[in-house]
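Here are my notes for you on this model. Keep the viewer open while you read, and try to find each spot as it comes up.

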Amino acid sequence: MNSRSHTRWIDRGLKAYGWAVYAFLFLPILVVVVFSFNSGRHVAELTGFSFQWYVTAWTDPFVVRAFRTSISIALTAGLISTVLGTGAAIAMPSLPRLVRRSFDTMMNFAIVVPGIVLGLSLLIFVVSATGWLNDWITYLFPDTGFSLGLGFHSVVAGHAVFGSAIVAILVRTRLASLDPEVIEASSDLYAPPLRTLFTVTLPLLAPAILAGFLLAFTFSFDDFIIAFFTRGQAQTLPIYLFASIRRGVSPVINATASTLLAFSVTMLIVASLVNRRRSQQRPVPR
Amino acid sequence: MTTPIPVGTIEEGVRPETAAPPADRRLRRLLRTLASPGLLWYILFLVGPMVVLVVFSLGRRASNGGYEPAFTLEQFARLGTRWTPFFNTMVMGLLGTLMCLVVAYPMAYFMATRGGKYKTLLLALVVIPFWTSFLIRTYAWVFLLGNRGLPTVFEMVGLRNVRLLNTTFAVLLGIVYNYLPLMVLPIYVSLERVDVTLRHASKDLGAGPWATFRQVTLPLSAPGVFAGVLLVFVPVLGEYLIPVLLGGGQTYFLGNALADLFFQSRNWPFGAAVAVAFIAVIMILILVYNRMTKRIVAQGRGSRLL
């Protein structure tokens, strides 16, 4: 009897604790969202509902331009990550041992090492490589005025290093859950390899590939630190937000941040729904 | 009664043995081509930069501020000048990881043992914040802790001049807030795997809830705890945003020292040396840690350690 009431108290305590942690996780974000609709400027001035900060934020040409840059970087990096990561995941088992090992090591390294290291090493790499290339360009074509440097492309390069590792992990997990006999059957029936790839393997992997793309996109869209080092003159939205935050808290930042939150959360929910289809789509029950 | 078809013989009968190898070989060749863009990308944008980083770290700073090719260890000899941020990062990293663990363990325990049919939802609710923008999550605390946030609320109840932002406390809070999911997830996974019957058995043998937890659940969740500690500690070491936005320059991390070296003082060779040393420290830490924890888990000594 005593022990049972004891357990009930533990039960209640754990439940309360769980809710408290969820509150801790979500309340700060929620406060930002709530105050983005507040017509007053500060926490102490909850004065009324208003969309004005959203209007201010999204009519600001700097915000709009940074948003466009972020979207196009995230789309490019996401697509590249998807192609590279999927290819790597499918090829991995049939690669020679040494190649497979080193590929694995590189991907793990990309995930483990803090983003700041990826960013700054890419920065000095791009600066020295393009410096050297630019010397050749001006030597060979003195009148073009064309030169390479940091910017859109170097950010994409960095994001795709991390992104393709994410895609590869998702696709490999899915691949491991597939029945290898389905793919073998296709080649046993004399389907050419390329046809097997496009009509059997890729459709089976599609949910994981799509989920991988969405995650790589979200990562790139939200990334600050790699872009901070490799952006050159390019202005992404996180970089712009960082600069405004350093100038001080404002309801306009709340509005911009809330829009971005809504955007990322939508992407995430779509990604998880897409990847969930795994269980319903198993073609051959074992 | 049907006899099962002897698959093997039919296959061998239908398919001439010479037909398989060329198709297989073609498939292999195709697969290898599929891997090459990824490999190329990694060699160009991951290995290449690492090599350049090492080359720079062995070089010298030119008199005009650029890089001068050399083969010297003098940049590494000066590493001691960045001892303070290094020490700071390590201490804050350990403290932050420990706080994450303390907050995360009961949470993971709650999810794994009291989740019932809502486990997936509970898990998703922990993961979702992690995949939203790190910057915005940190900003949320800048907004809350800043002078016009919670301190104004405190003033209404009579507490004046409480500084919350730009403190070490704020940095720790930011670390726990941002990295909590990385600690909860692995612990949850290992707790989920603990067989319920083991707990029941322990109870049937007369152990109280605390003894059961201490002697059964906790040791079995050791792998999750070890994984979580590593997952949190390593990225915290490279933290830049949290100390800048929540610490306001009061707490200076290695990441901030690196950013300063690359953008303010523009001493790239020395910055590269600091980065190389940083990577080396991380790699050694991971290796030693993995070896240690693997042995502990293998010998089932988790209970004595925890």
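The points below go from each chain to the places where they meet.

1. First, a caution: this is a predicted model. Every number below was computed from it, so treat local details with that in mind.

2. Start with chain A, which has 11 helices and zero strands. Read from the N terminus, its elements are helix after helix: α-α-α-α-α-α-α-α-α-α-α. Its radius of gyration is 24 Å, while the globule rule gives 19 Å for 286 residues, so chain A is more spread out than a compact globule. The C-alpha trace spans about 80 × 70 × 30 Å along the principal axes.

3. Still in chain A, 41% of the 286 residues are buried. Look at the contacts between residues at least 6 apart in sequence: 79% of them join residues at least 24 apart.

4. Now chain B, where you should find 15 helices and two strands. Of its 306 residues, 40% count as buried. Taking the contacts with a separation of 6 or more, 73% are between residues 24 or more positions apart.

5. The domain assignment splits chain B into domain 1 (7-57) and domain 2 (80-305). Their C-alpha centres lie 38 Å apart. Where the two touch, domain 1 of chain B gives four residues and domain 2 of chain B gives six. On the domain 1 side, three of these residues are nonpolar, one is polar and none is charged.

6. How many residues does each chain put into the contact between chain A and chain B? Chain B gives 73 residues and chain A gives 72 residues. On the chain B side, helix α2 (residues 20-57) has the largest share, with 23 residues. By class, that side of chain B holds 55 nonpolar, 11 polar and seven charged residues.

7. Next, the largest nonpolar core, which has 160 residues. The members that touch the most others are A:V161, B:A108, B:Y139, B:V142, B:V184 and B:L258. Helix α8 (residues 168-193) of chain B gives the most to this core, with 16 residues. Domain 1 and domain 2 of chain B both contribute, so the core lies between them. As background, nonpolar side chains tend to be buried together in soluble globular proteins.

8. Zoom in on B:L258, one of those well-connected core members. Ignoring its neighbours within four places in sequence, B:L258 is in contact with A:I116 and A:L120 from chain A, and with B:G271, B:V274 and B:A275 from chain B.

9. B:V274 and B:A275 are among the buried residues of helix α14 of chain B, as are B:W268, B:P269 and B:F278. Is the length of this helix what you'd expect, or not? Helix α14 (residues 268-298) has 31 residues, and at 1.5 Å a residue they should span 45 Å; the end C-alpha atoms are 44 Å apart, which agrees.

10. Last, where does B:R78 sit? B:R78 is in the loop between α3 (74-77) and α4 (83-114) of chain B. It has 13 C-beta neighbours inside 10 Å, so B:R78 counts as partly exposed. B:R78 and B:V274 are 196 residues apart in sequence, yet 9.2 Å apart in space, C-alpha to C-alpha.

Note on methods: Residues are numbered from 1 along each chain as its sequence is written. Chains are lettered from A and ligands numbered from 1 in the order in which they are written. A nonpolar core is a set of buried Ala, Val, Leu, Ile, Met, Phe, Trp, Tyr and Cys residues joined through C-beta atoms within 7 Å. A residue is buried if 20 or more other C-beta atoms lie within 10 Å of its own, exposed if 12 or fewer, and partly exposed in between; C-beta atoms are placed from the backbone. Helices (H or I, at least four residues) and strands (E, at least two) are DSSP runs, numbered from the N terminus. Domain bounds come from an automatic or database domain assignment. Two residues are in contact if their C-beta atoms, placed from the backbone, lie within 7 Å. Ala, Val, Leu, Ile, Met, Phe, Trp, Tyr, Cys and Pro count as nonpolar, Asp, Glu, Lys and Arg as charged, and the others, Gly among them, as polar. The expected span of a helix is 1.5 Å times one less than its number of residues. The radius of gyration is taken over C-alpha atoms; the globule rule is 2.2 Å times the number of residues to the power 0.38.
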